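Let's take a walk through this protein together. Have a look at the sequence and the model first, then read on.

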Amino acid sequence: MDASAAARIAVIGVGNDYRRDDGVGRAVVTRLAQRGRSRPLPRGVTLMCTDGEPTRLISAWEDARLAVVVDAAHARPARPGRVHRLRLDGDLPQTRWGETSSHGFALGDAVQLARALGRLPGALLVYAVEAADTRLGTGLSPPVAAAVGPLVQRIEEDLVRHAPGGR
């Protein structure tokens with residue numbers, strides 16, 4: 001891994017803007033990009049979005065020192081807009097197809113595949129936002145939309161804390 005890749009931090013918004021709350025990852029990355037124009041993000045931070053297909057997700061975080069993934073999640077009982085912060089280390093349990101994700105695969109399965117291929121980032125931080133509605137349509141539900149601003153702030157703090165040399 002070269003020095004520039006070793007310093008890279010990837011922020012990856014996962015989702016589909018045409019499935020309502022499933023677009024929360026993309027909404028967070030868009031807001032980070034907008035804020036980055038007036039208040040630059042730390043050096044080495046790359047922002048990207050993906051539909052969550054495992055090989056695209058793995059490509060997005062490959063060779064990153066830190067990958068921050070933002071995605072919608074299902075939970076029971078659900079509290080739409082609640083944010084879960086998970087640092088993924090070690091072995092993750094296998095999950096049934098589509099059990100926790102609105103994309104038809106579970107993030108843990110992509111992590112297992114990346115581990116088998118030797119393509120995990122140095123560290124993986126996941127923000128999972130509980131969704132209210134992932135049916136066809138555009139726009140986030142009110143509780144999920146309300147979670148975007150505070151989540152962007154939390155991620156900015158993570159980026160500053162993990163960036164080499166700060167901003």
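## A glycine in a loop

Start with Gly139, which sits in the loop between strand E5 and helix H5 (142–162). Keep in mind that you're looking at a predicted model. Is Gly139 buried or exposed, or something in between? Gly139 is partly exposed, with a relative accessible area of 39%.

Now, who does Gly139 touch? Setting aside neighbours within four places in sequence, Gly139 is in contact with Asp17, Arg20 and Asp21. Gly23 is also worth finding: Gly139 and Gly23 are 116 residues apart in sequence, yet their C-alpha atoms are 7.8 Å apart in space.

## The strand on the inside

Next, find strand E1 (residues 9–14). Here 6 of the 6 residues are buried, so E1 is largely enclosed by the rest of the structure. In a regular strand, side chains alternate between the two faces of the sheet. You can see that pattern here: Ile9, Val11 and Gly13 point one way from E1, while Ala10, Ile12 and Val14 point the other way. Both sets are buried.

What does E1 pair with? One partner is strand E2 (residues 45–50), in the parallel sense over 6 bridges. Another is strand E3 (residues 66–73), also parallel, over 5 bridges. Ile12 is a handy residue to follow, with Met48 as its bridge partner in E2 and Val69 as its bridge partner in E3. There's a helix to add as well: E1, helix H2 (residues 24–38) and E2 make a right-handed β-α-β unit.

## Helix H4 and its cover

Further along the chain is helix H4 (residues 107–117). Which of its residues are buried? They are Leu107, Gly108, Asp109, Ala110, Val111, Gln112 and Ala114. The cover over these buried residues includes helix H3 (54–61), strand E4 (83–88) and strand E5 (123–130).

Just after H4 comes Gly118, which takes a positive phi of about 70 degrees.

## How far to trust it

For the protein chain, the mean pLDDT is 86, and 83% of the residues reach 70 or more. Among the elements, E1 has the highest mean pLDDT (97) and helix H1 (residues 3–7) the lowest (53). Over residues 1–5 the pLDDT is below 50, and this stretch has 5 contacts in the model beyond near neighbours in sequence.

Residues 91–100 also stay under 50, and the model has 18 contacts for them beyond four places in sequence. Where pLDDT is low, the predicted coordinates shouldn't be read in detail.

Note on methods: Residues are numbered from 1 along each chain as its sequence is written. This is a predicted model: local features need pLDDT of at least 70, side-chain atom pairs count only at pLDDT 80 or more; totals for chains, interfaces and linings use all residues. Side-chain values use heavy atoms; hydrogens and water are left out. Buried means under 20% relative accessible area, exposed over 50%, partly exposed in between (1.4 Å probe, protein chains only). Helices (H or I, at least four residues) and strands (E, at least two) are DSSP runs, numbered from the N terminus. Contact means heavy atoms within 4.5 Å. Two strands pair if DSSP finds at least two bridges between them. A crossover is right-handed if, with the strands pointing away from the viewer, the path from the first strand over the helix to the second runs clockwise. pLDDT is the predictor's confidence in each residue, from 0 to 100.
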